[in-house]
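Here is a short tour to read with the coordinates open beside you. Pull up the model, and we will walk through it topic by topic.

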Amino acid sequence: MKKRKDSFFGLHFDFHATPADGTVIGATLKESEIREICTELCPDFIQIDCKGHPGWASYPTELGNAMPDFAGDPLEVWRRVTREEGVALYLHYSGIIDDRYLSEHPEEGIVNADGTVSTHSVRANGRYVDALLIPQLSELAEKYGVDGVWIDGDCWGYHADFHPDTIAAFERETGISLGGKLPGTPADPYFYEYRDFCRELYRRYVRHYVDTLHGMHPDFQVASNWAFTDHMPEPISADVDFISGDLTPWNSFNSARYAGRAIAQHHYTWDLMSWNFRSAFPGAPESKPVNVTKHPVQILQEAASVISLGGGFQNYIVQYKDGSPHMDQIRPMKALADFMRQREPYCFRGVQSHEAALLLSTYDRSFESQSLYTRNGNEKVVGMTALLCDAGQSLEIVFEKTLLDNLAGYKLIVIPELYHGLESATCKALIDYAKSGGSLLLIGQNTCRIFAEAGLPIKIGTTNARTGQITQVADNGAAMEAGKTGRQGYFTCDGETWGALLNPGAVSAEGETIAWCAETFIGEKTPLATIFSCGEGRIGAVAADLGTQYFESAQYQQRDLIKRLCAGLYTPKARVEASCGITELVCLEKNGRLMVQLVNAGGNHANPSVMTEDFIPAVTDLTVSIALEKAPAAIVLQPEGRKLDVDYRDGRAYVSVEKLCIHGILEVIE
């Protein structure tokens, strides 16, 4: 059986067992169906339910939290068949979130600042990890010989804990005396210091269970869902075996391209899971959402967005309430299995070549996020990712550690809308990068203001319609609030085509104006975006929150603006143009060869009015140019294996592709 590091394609099933469902676990489970999944879809691994957020184990455990009724031992059947068929078996296990444990041990719940105790989330530094989590996972490794665990409800289920033991530990370890005043709001002293301490308690919790399990069962592989990803934007600090997460069922394509890039920077074993359904439907009660199964073409597109970055992909299909598989939904995934295997040689474990990088700031996020670890509130970076990708930029997402370790290696660094700011040393390093010949792109009024205060010769604000003077943005709070509501305006790059913006600002710098804004089509235009020199490099500045607004209301004019800015700032290794459609491009390197990934980014994935669709229009008449020192021996369109005609001139190789349905790869043979 393959280790997770060698696993490209997987299937995930879970159902979060609870006695309220009134089912006998395993009652309709058929060995033949498990075997069919293994032999017909040939996944590298399968993940099945073990213990969901309600806290009830869906196998006959000896730890006291088993479901009431079983028909035999269903986990033994899954393990036996998968072992016979050479398919690895992992288990879905809820970590921090455990309702049942807290119903029996309410004192183990996280204490909120108002004194209430959580009935869902356990304390990271409490007894739970040693009393249940580690013993139960050890039982699963020892008794059943499963290959590993995918721990759900962990980092994103955790929040600041004001239990007396945690408060005492904070005061003891930091030397800070709270004097009985809980740091429950940003206005309270030591609010951010306390949150950082709670984050460290979570890291210790993960390190503890990972290291303990590895010590007891060296081959048992462990991941904590969404740890060290965009939810938890920081360097890997625990010996997890792989990094993983499950995408939101809505707008999964944009979620995947964003989350995948945030993970890929680690150069670690990773995969992402896409749900095979969308939840909720107009008129359905929130307590009973309706799940509508996606068409396979939607899932193929979501898979393409992940594997084009070098990662693995898994698809989530719910189990029936007795733990048996939904074969009617699983069988159509043969199309996904074939799609994956055809592309595996040209994608899996590839690494992006450095082109453009988008900063997802650990520092800024620590001030902005309402929870300790979550994606909520990060729509601006999701939107900026989509905008850059839709504009044809081969894009990486980086945290400060990744960025600063290889600052000179990136051709373009994009700083998205910032909430609080960056550490002064980071701002200085980025400005020095530009002065030394790099290209920097600043997005948003607040971001530009922060860099102006760090020494850049720009002024950002709103323009007085009568005097034409720019009023400087006052502070980050005002800037962020202004980005949510307020004045509507328009912008143009050519004076003929106009797009709409909320609260467009004005930028003043000695450089080239790329776009203008105005309150009306015939009103006075003021500079919205500019490019100016900085030492030996160049800096672009945009006085509008493009990421947030592209996330909420994508416009082709926004893509045109970004294309113009990027073209004025750097020369990419690969470019793509098409007569119809939107193409995402990724410069991936594998086995010493450049594999230019082309992903069809069209469709209704971001449209809340469309739950499912069975047709994604093809991108047509693509022209791709690739910078190469000499004419290549061949450029082959994969997985078709079709050698393309190459026109090599002026240091670039040009090829044409008639149609891109979902995903294609240009293998460059030099």
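Helix α14, residues 424-435, is home to Thr426. The model is a predicted one, and the protein chain averages a pLDDT of 94. The notes below start at Thr426 and go on to a neighbouring topic, a strand, the empty spaces, one further threonine and the confidence scores.

**Thr426 and Ser361**

- Thr426 has 3% relative accessibility, so Thr426 counts as buried, the limit being under 20%.
- Setting aside residues up to four places away in sequence, Thr426 touches Glu400 and Leu404.
- Glu400 also turns up in the surroundings of Ser361: leaving out residues up to four places away in sequence, Ser361 touches Glu400, Gly421 and Leu422.
- The side chains of Ser361 and Glu400 are joined by a polar contact of 2.5 Å.
- Where does Ser361 sit in the chain? Ser361 is in the loop between β14 (356-359) and α11 (362-368).
- Ser361 counts as buried because its relative accessibility is 6%.

**Strand β12 and its partners**

- Strand β12 covers residues 312-316, and five of its five residues are buried.
- Which residues of β12 point one way, and which the other? Gly312, Gln314 and Tyr316 point one way, while Phe313 and Asn315 point the other way.
- Strand β1 (residues 9-12) runs parallel to β12, and four bridges join the two. In this pairing, Leu11 stands opposite Asn315 of β12.
- Strand β9 (residues 270-275) also runs parallel to β12, with five bridges joining them. Here Asp271 is the residue opposite Gly312 of β12.

**Pocket and cavities**

- The largest pocket holds about 920 Å³ of space.
- Its lining is made up of 32 residues, and those nearest its centre are His16, His53, Asp246, Trp275 and Tyr316. Tyr316 is a residue of β12 as well.
- β6 (148-152), β9 and β10 (277-279) each give at least two residues to the lining of the largest pocket.
- How many cavities of 30 Å³ or more are there? The count comes to three.
- The largest cavity encloses about 90 Å³ of space. Among the 15 residues lining the largest cavity, Asp49, Ser58, Pro74, Trp78 and Gln319 are the closest to its centre.
- β2 (45-51) and α2 (74-85) each supply at least two residues of the lining of the largest cavity.

**Thr513**

- Strand β23, which spans residues 511-518, contains Thr513.
- Is Thr513 buried or partly exposed? Thr513 counts as partly exposed because its relative accessibility is 26%, between the limits of 20% and 50%.
- Apart from neighbours within four places in sequence, Thr513 is in contact with Pro527, Ala529 and Thr530.
- Thr513 and Leu565 are 52 residues apart in sequence, and their C-alpha atoms are 9.9 Å apart in space.

**Confidence**

- In this chain, 95% of the residues score a pLDDT of at least 70.
- Over residues 463-483, pLDDT stays under 50. For residues 463-483 the model has 44 contacts beyond four places in sequence.
- Where pLDDT is low, the predicted coordinates should not be read in detail.

Definitions and conventions: Residues numbered from 1 in each chain as written. Predicted model: local features only at pLDDT ≥ 70, side-chain atom pairs only at ≥ 80, totals over all residues. Heavy atoms only, no water. pLDDT = per-residue confidence, 0-100. Contact = heavy atoms within 4.5 Å. Buried < 20%, exposed > 50% of the residue type's maximum accessible area, 1.4 Å probe, protein only. Pairing = 2+ DSSP bridges. Polar contact = N/O pair within 3.5 Å; in protein donor to acceptor, adjacent residues only side chain to side chain. 1 Å grid on protein atoms, 1.4 Å probe; cavity = no way out; pocket = protein on both sides within 12 Å on 5 of 7 lines; lining within 4 Å. Points joined across faces, edges and corners; volume = space filled by probe spheres on them.
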